[in-house]
Amino acid sequence: MHLLFIFSPKIAWQLSGKSAIAALRICLLMWLFIFSRKLLRSIDDFKICGEYNGMPIVLYLRSLMDVGVLLEVFVDKEYSWCPVSNPQVIIDLGAHFGDTVLYYHALFPTAKIIAVEPSAENYERLVKHVGHIHNVTLVHAAIGQVDGEVVLHLMSNSLGHSTSNRAGSDSMITVPQLSLASLLQLNDIIKADLIKFDIEGAEFSLFNQSQPEIFANAYIGEVHNDLNDKKLPPVENWFTEFKLSSQPIKENRFLLKAFR
C-alpha cells in the first residue's frame with residue numbers, strides 16, 4: 001500500500017496536463033481512493049478526471065490494481081513504442097478497462113482503435129471508459145486461432161483472467177472467440193498498423209503456425225512464458241519477417257516488439 005502512495009504523485013503528474021495544481025488535486029484524490037479501498041473497503045467506482053497529451057481523460061477506478069496499471073501505462077510508458085509515425089489502425093487485444101485505449105487515443109487521436117476484451121466485468125468498464133469515443137470500436141470476445149468459443153478462467157485480479165487454467169483461478173465461463181482474420185474482416189480492416197497484445201498466455205495459441213505479417217506491420221505485447229501450458233513453440237518463432245526486440249518485465253515474462 002505504501003508503494004501506491006509513493007507512486008501516486010508520478011501518476012498524478014502525468015494525468016495533470018503538466019499543471020502543478022491539477023497534479024496536486026489528482027494526487028490527493030488517488031490517495032483518498034487508496035485509503036477508501038484499503039481501510040474503508042469501499043466498492044463504488046472512484047471517478048478521477050485528468051488530461052494526457054492535451055486529451056481529457058476520465059477514470060473510474062475500482063481496485064488498487066488499477067493504480068498499478070496506470071503506473072505501467074502512463075508513467076513507465078510500457079506501450080509508448082510505435083514505429084509507425086502516424087498509425088491509422090491500432091488493435092488492442094486484452095484491452096482491460098481501457099487504459100491503453102485511452103493512452104493510444106491521446107497519442108493518436110485520429111487513429112481507429114479496435115479494443116478486444118473477453119471478461120464481462122472488464123468489458124463493462126471498457127464501455128464506461130471509452131465507449132463514447134467515436135473512432136474506438138469495442139469487441140466483447142477472446143482472440144485466438146479460430147472462431148468459436150473458449151473457456152475463460154477467472155481470477156480475483158481483473159488483470160489475470162486467462163484461457164490458460166492458471167493457479168488461483170476460482171471459476172470459469174465460456175466466451176466468444178474470434179480469429180485475427182475475422183476481427184479484421186468484421187471491422188473492414190485490411191491490415192493494422194499496430195497490434196498491442198496482453199492476453200495472459202493466449203498469445204502462444206494465437207501466433208502458433210500463423211503469419212503475423214498478414215495482420216499488422218508492428219506488434220507490441222507481453223509474452224507470458226509461465227502460462228505456456230501447452231508448451232507451444234516460443235512466440236518469437238512466428239515473427240521471422242519482423243525485426244524483433246524484447247525487454248524483461250518479470251521472471252518468465254517479457255515485452256516483445258516486432259516491426260517490419
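**View 1. Arg253, a buried partner in a salt bridge of this predicted model.** With a relative accessible area of 14%, Arg253 falls under the 20% cut-off, so Arg253 counts as buried. Arg253 forms a salt bridge with Asp226, and the closest N and O atoms of the two are 3.1 Å apart. Arg253 belongs to strand S12 (residues 253-259), while Asp226 sits in the loop between strand S10 (218-224) and strand S11 (243-250), so the salt bridge ties together parts that are 27 residues apart in sequence. Asp226 is partly exposed, because its relative accessibility is 38%.

**View 2. The open sheet of 7 strands.** Take a walk across this sheet and you meet the strands in the order S5-S4-S3-S9-S10-S12-S11, with mixed pairing. The edges are strand S5 (136-139) and S11, each of which pairs on one side only. From one strand to the next, the twist averages 15°. At the S11 edge, S11 and S12 are antiparallel and pair over 7 bridges. Look here for Lys243, which stands opposite Phe259 in S12. Helix H4 (residues 99-107) packs on the sheet, where H4 touches S3, strand S4 (112-116), S5, S9 and S10. The direction of H4 makes about 175° with that of S4.

**View 3. Asp92 and Lys196, a buried salt bridge.** Here the closest N and O atoms of Asp92 and Lys196 are 2.8 Å apart. The pair links distant parts of the chain, with Asp92 in strand S3 (residues 89-93) and Lys196 in strand S9 (residues 194-197), 104 residues apart. Are these two residues buried or exposed? Both Asp92 and Lys196 are buried.

**View 4. Asp45 and Arg62, a salt bridge between two loops.** The closest N and O atoms of Asp45 and Arg62 are 2.8 Å apart. Asp45 lies in the loop between H2 and S1, and Arg62 in the loop between strand S2 (55-61) and helix H3 (64-75), so this pair ties together parts that are 17 residues apart in sequence. Asp45 counts as partly exposed because its relative accessibility is 26%. Arg62 is also partly exposed, with a relative accessible area of 22%. Widen the view and a network appears: salt bridges with shared partners join Asp45, Arg62, Glu121, Glu124 and Lys128. The count of salt bridges comes to 8.

**View 5. The open sheet of 3 strands.** Which order do the strands take in this sheet? The order is S6-S8-S7, and the pairing is mixed. Strand S6 (142-144) and strand S7 (148-154) are the edge strands, each pairing on one side only. Neighbouring strands are turned by 50° against each other on average, with direction ignored. Between S7 and strand S8 (residues 171-179) there are 7 bridges, and these two strands run antiparallel. A handy pair to find in this view is Val150, standing opposite Val175 in S8.

**View 6. A nonpolar patch on the surface.** Leu32, Phe35, Leu39 and Leu40 make up this patch, which covers about 390 Å². Where does Leu39 sit? Leu39 is found in the loop between helix H2 (20-38) and strand S1 (46-52). Leu39 has a relative accessibility of 51%, over the 50% cut-off, so Leu39 counts as exposed.

Conventions. Residues are numbered from 1 along each chain as its sequence is written. This is a predicted model: local features need pLDDT of at least 70, side-chain atom pairs count only at pLDDT 80 or more; totals for chains, interfaces and linings use all residues. Side-chain values use heavy atoms; hydrogens and water are left out. Patches are made of residues with over 30% relative accessible area and no salt bridge: like charges are joined within 9 Å, nonpolar side chains (Val, Leu, Ile, Met, Phe, Trp, Tyr) within 5 Å. Accessible areas come from the Shrake-Rupley method with a 1.4 Å probe; for residues, only the protein chains shown count as cover. A salt bridge is a side-chain nitrogen of Lys or Arg within 4 Å of a carboxyl oxygen of Asp or Glu. Helices (H or I, at least four residues) and strands (E, at least two) are DSSP runs, numbered from the N terminus. Buried means under 20% relative accessible area, exposed over 50%, partly exposed in between (1.4 Å probe, protein chains only). Two strands pair if DSSP finds at least two bridges between them. Axes are lines fitted to C-alpha atoms, for helices over the stretch in contact, and angles run from 0 to 180 degrees between N-to-C directions. Contact means heavy atoms within 4.5 Å.
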